[in-house]
Amino acid sequence: MPIQTHTLFTKQVGIQHPIICGPMYPCSNPELIAAVSESGGIGVVQPLSLMYVHGYDLREGLRKIKSLTNKPFGMNVIVEQSSKKYQQSMQRCVDIAIEEGCRFFITSLGNPKWVVDKVKRVGGIVYHDVTNRKWAEKAVECGVNGLVCVNNRAGGHAGTHSAAELFHDLSSFGLPLICAGGIGNEEEFIAALKMGYAGVQMGTRFIATKECREKPEYKEAIVSTEEKDIVLTERVTGIPLSVIRTPFVDQVGTKISPVARLLFKYPLTKKWMRMWYGFRAMQQFKNSSLHGGSSKDYWQAGKCVSSIHSVETVDEVVSRFVSAAKHNKG
């Protein structure tokens, strides 16, 4: 029978199709975000990508998106508390996004309570990124509306559990769950909805689209790469990151030094190490995105690369997925 693509998630957010373009640093340019929203899914702004990589003032960037679509868009808020200055900056970002009409937020890496409080006052919706039940419990206590379940097939900082394990572990909360990781074609999209997920979040599939501003070499690497070529490296952010294996990745290895590993063990030095690795990674990915072409580029991608075979438009991707679900006879 046909798969139901109208879910509690689509109802909450006010969209047609249960598809999120996940926030990506540095890949989330305004044109990509707007194209996913215009197609009936929802694009999610990564504010540091919008401002630091693509050169927009946040309000200007949000208005650019709104000039390309009148449909809902979302914003990602990384709520970690390692820097008071960063926290204040994120609070201003949320205020600006609310003023510009954003009503869907995905929080990550910390306590989302302050975001929930701000957003619920204006009737908005907050989902939180989780990789296991421990973090899901904390997010549910804060009043989130749903959970983005990051599994072990995701790009970037992937989880450690499978999509099925996460659904089993988290469905008892009674909240809409979003499958994040491993969705590259319509069969995988249908499988996630059949499992009971209220929607999917895709990153790698949307990098390999014409609206994404990433360089052609990156997109072609996604199209030509197999799952076995996705590896986890600690050398970019200090914690495992899913990237495409290249000669450079093989040359430098995937582990941090023994000294760095020791410094990550202690609370005070861990804080500074995370800040240092984070700053360095931001600069590295920005340079790669804007200039690219270096043999030392790191290309983030998930294990769904095996099911991505061409660079398409966003509308072609979304339309194919939705059509397959509606005509499914399994």
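## A predicted barrel, strand by strand

Val-45 of S2 finds its bridge partner in S3, namely Met-75. That pairing is a good way into this predicted model, and the strands on either side of it follow below.

**The barrel**

S2 and S3 run parallel and are joined by 2 bridges. They belong to a closed barrel of 8 strands with parallel pairing, in the order S1-S2-S3-S4-S5-S6-S7-S8. Ignoring direction, neighbouring strands of this sheet are turned against each other by 25° on average. Strands of a sheet in general pair through backbone hydrogen bonds, in either a parallel or an antiparallel way.

Here is a table of pairings, each with its bridge count and one pair of partners.

| Strands | Bridges | Direction | Example partners |
|---|---|---|---|
| S2 and S3 | 2 bridges | parallel | Val-45 and Met-75 |
| S3 (residues 74–78) and S4 | 5 bridges | parallel | Asn-76 and Ile-106 |
| S4 and S5 (residues 125–130) | 4 bridges | parallel | Phe-105 and Val-126 |
| S9 (residues 230–233) and S10 | 4 bridges | antiparallel | Val-231 and Val-243 |

**Strand S4 and what surrounds it**

How many residues of S4 (residues 104–108) are buried? The count is 5 of 5. Phe-104, Ile-106 and Ser-108 point one way from the strand, while Phe-105 and Thr-107 point the other way. Together with helix H6 (residues 113–120) and S5, S4 makes a right-handed β-α-β unit. H6 lies across S3, S4 and S5, and its direction makes an angle of about 160° with S5.

The loop between S4 and H6 holds Leu-109. This residue takes a positive phi of about 60° although it is not a glycine. Most residues other than glycine have a negative phi. Leu-109 also counts as exposed, because its relative accessibility is 57% and the exposed class begins over 50%.

S10 (residues 241–244) is covered on both faces: Leu-241 and Val-243 are buried on one side, and Ser-242 and Ile-244 are buried on the other.

**The nonpolar cores**

The largest nonpolar core has 74 residues, and the members that touch the most others are Ile-19, Leu-62, Met-75, Phe-105, Leu-147, Tyr-197 and Phe-206. Helix H5 (residues 84–99) gives this core its largest share, 7 residues. Apart from it lies another core, of 16 residues, which includes Val-13, Ile-106, Ala-154 and Ala-198. Phe-105 and Ile-106 thus lead back to S4, where they point opposite ways from the strand.

What does Leu-147 touch beyond its neighbours within four places in sequence? Its contacts are Tyr-127, His-128, Val-130, Ala-136, Ala-139, Val-140, Leu-170, Phe-173, Pro-176, Leu-177 and Ile-178.

**Helices around the barrel**

Two packed helices are described by the angle between their axes and the distance between the axes. For H4 and H5, the axes come within 10 Å and cross at roughly 35°. H4 passes H5 in a right-handed crossing. On the H4 side the contact is made by Leu-58, Arg-59 and Leu-62, and on the H5 side by Cys-93, Ile-96, Ala-97 and Glu-99. Leu-62 is also one of the residues that touch the most other members of the largest core.

Helix H2 (residues 30–38) is mostly covered, with 7 of its 9 residues buried. These are Pro-30, Leu-32, Ile-33, Ala-34, Ala-35, Val-36 and Ser-37. Their cover includes strands S1 (19–21) and S2 (42–45), together with helices H3 (47–53), H4 (58–68), H10 (204–207) and H15 (314–326).

The backbone on either side of H2 deserves a look too. In the loop between S1 and H2 sits Pro-26, and the peptide bond leading from Tyr-25 to Pro-26 is cis, with omega near 10°. Most peptide bonds are trans. Just after H2, Gly-40 takes a positive phi of about 110°.

**A link across the sequence**

Glu-217 is found in helix H11 (residues 216–224). Is Glu-217 exposed or only partly exposed? Glu-217 counts as partly exposed because its relative accessibility is 44%, which lies between the cut-offs of 20% and 50%. Glu-217 and Trp-299 are separated by 82 residues in sequence, yet their C-alpha atoms are 9.7 Å apart in space.

Note on methods:
Residues are numbered from 1 along each chain as its sequence is written. This is a predicted model: local features need pLDDT of at least 70, side-chain atom pairs count only at pLDDT 80 or more; totals for chains, interfaces and linings use all residues. Side-chain values use heavy atoms; hydrogens and water are left out. A nonpolar core is a set of buried Ala, Val, Leu, Ile, Met, Phe, Trp, Tyr and Cys residues joined through side-chain atoms within 4.5 Å. Buried means under 20% relative accessible area, exposed over 50%, partly exposed in between (1.4 Å probe, protein chains only). Contact means heavy atoms within 4.5 Å. Two strands pair if DSSP finds at least two bridges between them. A crossover is right-handed if, with the strands pointing away from the viewer, the path from the first strand over the helix to the second runs clockwise. Axes are lines fitted to C-alpha atoms, for helices over the stretch in contact, and angles run from 0 to 180 degrees between N-to-C directions. A crossing is left-handed if the near helix is turned anticlockwise from the far one by less than a right angle, and right-handed if clockwise.
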